[in-house]
Amino acid sequence: VVAKQVEAKYGKPALWKVVADVSTREEFNAKYGDCEEMDTADFDFVSKVEPFQRALAECNKDILITGRRMDQAAQRISLDVWEDGKRTLNPMAGWSWSDIIAYADAKGVPVNEGHNFAY
């Protein structure tokens, strides 16, 4: 839903990638098992890393711009704004969640409603 809002706001088509070779939860469960019972690293690879890698290969761009931040993961103790070896730009590396929300509110950036829930 939010991807459609982003497409509409910025006039750019999104590149949609999902888990390979499955289109329903039942197919996912048959191929990989119940996502609630999977190892977190395995689930992340299947549902995020592999689709992202396919998207990058399809885009064939020279530089990757991310929204990664240092405060997103306990094991991430540093994150450079520019990662030369990866040709990756992380412009929000030093931003906090409060910075993100303030910017999104000020600029009217569409935000996934799931971020409103505390887990």
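Helices (H or I, at least four residues) and strands (E, at least two) are DSSP runs, numbered from the N terminus. The model here is predicted, so local features need pLDDT of at least 70 and side-chain atom pairs count only at pLDDT 80 or more, while totals for chains, interfaces and linings use all residues. Residues are numbered from 1 along each chain as its sequence is written, and side-chain values use heavy atoms, with hydrogens and water left out.

**Exercise 1.** Place Ile63 in the fold and say whether Ile63 is buried, partly exposed or exposed.

*Solution.* Start with the location: Ile63 sits in the loop between helix H3 (40-59) and strand S1 (64-65). Next, take the cut-offs: buried means under 20% relative accessible area, exposed over 50%, and partly exposed in between (1.4 Å probe, protein chains only). Ile63 has a relative accessible area of 41%, so Ile63 is partly exposed.

**Exercise 2.** Which residue in the loop between H3 and S1 has a positive phi without being a glycine?

*Solution.* First, the background: most residues other than glycine have a negative phi. Asn60 goes the other way, with phi near 55 degrees, and Asn60 is found in that loop. Now check the surface: Asn60 has a relative accessible area of 66%, so Asn60 is exposed.

**Exercise 3.** Do the same for Asp21: where does Asp21 lie, and what is its phi?

*Solution.* Asp21 lies in the loop between helix H1 (2-10) and helix H2 (25-32). Its phi is positive, about 65 degrees, although Asp21 is not a glycine. To finish, Asp21 counts as exposed because its relative accessibility is 70%.
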